[in-house]
Amino acid sequence: MTDTFSEYVDCMPLLDDRDALHRFYDEHGYVYLRGALDRELVRTAAEQMLQGLIALGHAAPGTTLDTLAIDSFEAVDEVAMHDYVRYDELWNHPSTRKVWEKVFGEPVFVFKSTTIRYYPSAAGSAEPSFLTPLHQDGFYIGPNKDFRTAWIPLLPTTRAIGGVALADGSHRKGPREHVVTENFRRFGHAVRGIPAEEFGADEELLFSAMAPGDVIIFHAFMCHKSIPNVSAHPAGMRMSMDTRIQPASSPRGFNALTPWPESAKDASKGVLSKITGTPTTAE
């Protein structure tokens, strides 16, 4: 599979047609909703992330979202950053929950765990090791697999700034083998990803530029990966957040119930157990 992309299909016209929306999701494995979320709520989360970077000394006082640049994602205390971004106020705002429930067609539970990302440009450098290879979130998260990942940009993304690419319809083949991928590392451990030979010619990669207020929601077995930030002249920041959402009636595992800063401290549970290879029954 080569890194050439087709565009996401905007599903906003289907949002009030539950049957059509579900048919699209069943076939393609994702729902892309342009402008579905309250832009002011998203802007607030972006400003909170900026204030965290300033408070932790990675951006100068007076820096704005338009002028923000940091030297390194890895130099930032990722756990400390979670003290500044009140993402649950966005994920569980009544206007946001209305979107989730239209997509699911039923009441939902939003995971307590959220990933926040603030990636500076790596133009002219090797691909950063903290990005994620092709993988399925369902490999890392359980016990139930009826959750969906919700990914949003906090600042506009472009092909140069990067984001997330999905393999259209790849969820239909179910879970796939994940192997150690030495080029991608988190918390000092190699991250497992899907070998390229696992993909067929019909599994087209999708990527679109996104704006604050856009959201893409995808299946637990959707194959996806990070696109690096290689922006230059001007260099931009990729700022984004992602969480998982599941039917309210489904079982809730470790990752659903545990905030990210807490789960990141325990290498024997949840996502970290899959990264480190530590056997666990807590997903």
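How many helices and strands does the protein chain have? It has nine helices and 10 strands. The model is predicted.

**The whole chain**

Start with overall form. The radius of gyration is 18 Å, close to the 19 Å that the globule rule gives for 283 residues, so the chain is as compact as a globular protein of that length. Its C-alpha atoms fill a box of roughly 50 × 40 × 35 Å along the principal axes.

Now look at burial. Of the 283 residues, 54% are buried. The chain exposes about 12100 Å². Carbon and sulfur atoms supply 51% of that area.

Contacts tell of the fold too. Take those between residues at least 6 apart in sequence. Among them, 79% join residues at least 24 apart.

**Helix α1**

Helix α1 runs over residues 18–28. Which of its residues are buried? They are A20, L21, F24, Y25 and H28. These residues cover an arc of only 135° around the axis, which puts them on the same side of α1. On the other side, D19, R23 and D26 are exposed.

What do the buried residues of α1 pack against? Their partners are one helix, α5 (94–104), and the strands β1 (30–33), β3 (148–153) and β8 (215–219). After α1 comes G29. The phi of G29 is positive, near 85°.

**Residue Q136**

Next, a residue in a loop. Q136 sits between β2 (108–119) and α6 (137–140). Is Q136 buried or exposed? Its relative accessibility is 1%. Buried means under 20%, so Q136 counts as buried.

The side chain of Q136 has polar atoms close to backbone oxygens, as listed here.

| Backbone oxygen | Partner | Distance |
|---|---|---|
| G174 | polar atom of the Q136 side chain | 2.9 Å |
| F221 | polar atom of the Q136 side chain | 2.8 Å |

Which other residues does Q136 touch, leaving aside its neighbours within four places in sequence? G174 and F221 appear again, in the list of contacts. P175, R176 and H178 are also in contact with Q136. So is I194. The list is completed by A220, M222, C223 and H224.

**Looking back**

Two places show burial in this model. In α1, the buried residues lie on the same side of the helix, while D19, R23 and D26 are exposed on the other. In the loop between β2 and α6, Q136 is buried at 1% relative accessibility.

Definitions and conventions. Residues numbered from 1 in each chain as written. Predicted model: local features only at pLDDT ≥ 70, side-chain atom pairs only at ≥ 80, totals over all residues. Heavy atoms only, no water. Buried < 20%, exposed > 50% of the residue type's maximum accessible area, 1.4 Å probe, protein only. Helix = DSSP H or I, 4+ residues; strand = E, 2+ residues; numbered from the N terminus. Arc of directions from axis to C-beta. Contact = heavy atoms within 4.5 Å. Polar contact = N/O pair within 3.5 Å; in protein donor to acceptor, adjacent residues only side chain to side chain. Rg over C-alpha atoms; globule rule 2.2 N^0.38 Å. Areas by Shrake-Rupley, 256 points an atom, 1.4 Å probe, with all protein chains shown as cover.
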